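Hi,

Here is the structure I promised to pass on. Have a look at it first, and my notes follow underneath.

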Amino acid sequence: MTLGSPAFLLVAALLVAFGIWSLERARRVRDARDLAYSDLAFLRRTLGERDLPSALLRAVWIVGLALAGIALARPHLMLPVPIHDGAVVLCIDTSGSMASTDIVPTRALAARAAATRFIQEMASGERVAVVAFSGAASVVQPLTARHSTAIAALDTLPAPNGPTAIGDALALAGSLLGQRGPRTVVLVTDGVNNTGIDPFAAASSLGERGIKVDTVGIGTNSGSLIPGTSEAAGIDEAALRAYARASGGRFVRVENASELRGALGALGRVTSFERKSVDVSLGTAFVGALLLALAALAALGLGRVP
Amino acid sequence: MTLREALLRGRHRPRLFGGGSPTSSRGDGYEFAQLRGYVAGDDTRRIDWAATARSGVLQTRVMLEDIALVFAAICDRSRSMSLGRRRALAEAADDAIAAWFGAGSGEDRAIAILAHGPVPERARAGREGAALAREALRGEPEGAFDPNALLDIAGATLPRGAALLVVTDASAAERCDDVRLAEIARRFDGTFCLARDPWLEDFPLHGFAKLVDVESGERLLRWFGRRERDAYRRASIEREEGLLRRLRRCGWRTGILDESDGVGALAEAFGIPRGAFD
């Protein structure tokens, strides 16, 4: 063995000497802090053999040391890691009944606001598309990971008008979604399907492809008249529930704006988890150091007051 | 009243010498008590001729009975007696021993009971003997204290009726055998000074603390909260009171040896004012 800087051997020797001196000094300080006592047997008899706080202190000390040691070995754990590669298609009803004001200010505006918030809360990397439907379905925003673009696209939603083609909307949403990753269609509607293809068949088809359809029925229970008509804006709750069930999704009925926001917050999440081997050495070292610091503080700081 | 007088008057004193106080028991001592008219049977050597000449009637000198007491002491010199809050219990014990041997007078003898036997072996009289015994106790090296063995030595070596003082702490007192204690108290005038636990009033530990047993060197880490301190205080008081009851039941006179006042333990044991020792 050769040494590039033999002079540092002197430094090493000094360090070793300092280490020995400090250990000896720590031992003396510790011994001086210990209370000399005459009869430990009496003390044990009086206070009992069990001493939970001290046992806990020892356990914390040992666990802390063990964790610090384990951290050096760079441990890896199989942990569920969130994967943000999902896609959501928001299908927003723009039929005439969405102009109803039973949800303030209107069902359409409340749905837009809730959709905006939904997109804002999406995790980075998750993709979103927006489909508007009334008598026919149209793509307002194709799938994008740029959430600000999708939010801007919500401003281009057509004004409420026309019948309700739920089946067409579901089919269009299905065509936007790819074949892999978690995929969800969130259908926000207040009406009864009255045109286009069969929504149940469309939902079943999506379900077969592994795409969930979450349905949100919007409007008060008694319904209200469609503005400019004498027709009641009712909800076919049973049908919406069936679409959701057919694809493995959920149905939620909302009667005001805050319920709508809450419902969208709970539905349509496409974050998936994958079990991956994660390096936890930093966390282990941190927890170990924390436990050691706690034990040291408890033993030194909370020690006897002479 | 002095400690010596208290010993002579004390109920604990065995009746071998006839008991009573020095003033009521008159005999062949050297200390003059009074003159009285000659009574048939009086020792003619006690006739005071000068007084007879003055009064014209035979006068007899009455002397106090001369009783030589034996002051013996057993003192715990183990490491546990080196503890104390502001002062070691051993120092208070030294004070008590000094007062004990210092109470002797005239032909009184002082004996220190040590692990290897009594010192001096042939008890000496007076101040010299007291100083010798005291120094012997002080010079005893620190080490394990076996009260039963020392009581056995005392029982085997002390003359009947000797005044025996034992100074030790509760842990050693707990080890004393009741049968031995009763036997010693039956044969001697026993006084037991029990050293008070320095931490009896307030255990000075809060939170986690490590204790080291001065006798065995064993260490113990424990948590000391309010509950533990209260439990310790109660147990310590109960132990002290229990030991005092036990010693009295065995026929010993008892006093508590506080680290601040060793002599006070003797005053308490004999029921005499503390000032009598000053």
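Right after α3(A) comes A:Arg74, which has a positive phi, near 50°. Bear in mind that this is a predicted model. The helix itself, α3 of chain A, covers residues 52-72. Its 21 residues should span 30 Å at 1.5 Å a residue, and the end C-alpha atoms are 30 Å apart, so the two agree.

Now for where the chains meet. On the chain B side, 26 residues are in contact with 22 residues of chain A. Three elements of chain B, namely β8 (207-213), β9 (219-224) and α8 (226-249), each supply at least two residues of the side that touches chain A. The largest share comes from β8(B), with seven residues. By type, that side of chain B has 14 nonpolar residues, eight charged and four polar.

β8(B) also pairs with a strand across the interface: three bridges join it to β1 of chain A (residues 35-37), and the two run parallel. If you want a spot to zoom in on, A:Ala36 has B:Val212 in β8(B) as its bridge partner.

One last place to look is within chain B. B:Asp108 sits in the loop between α3 (89-102) and β4 (109-114) of that chain. Is B:Asp108 buried or exposed? There are 22 other C-beta atoms within 10 Å, and 20 or more count as buried, so B:Asp108 is buried. B:Ala68 is 40 residues away from B:Asp108 along the chain, yet their C-alpha atoms are separated by 4.6 Å.

Cheers

Terms used: Residues numbered from 1 in each chain as written. Chains lettered and ligands numbered in written order. Predicted model: local features only at pLDDT ≥ 70, side-chain atom pairs only at ≥ 80, totals over all residues. Helix = DSSP H or I, 4+ residues; strand = E, 2+ residues; numbered from the N terminus. Expected span 1.5 Å × (residues − 1). Contact = placed C-beta atoms within 7 Å. Nonpolar A, V, L, I, M, F, W, Y, C, P; charged D, E, K, R; others polar. Pairing = 2+ DSSP bridges. Buried ≥ 20, exposed ≤ 12 C-beta atoms within 10 Å, placed from the backbone.
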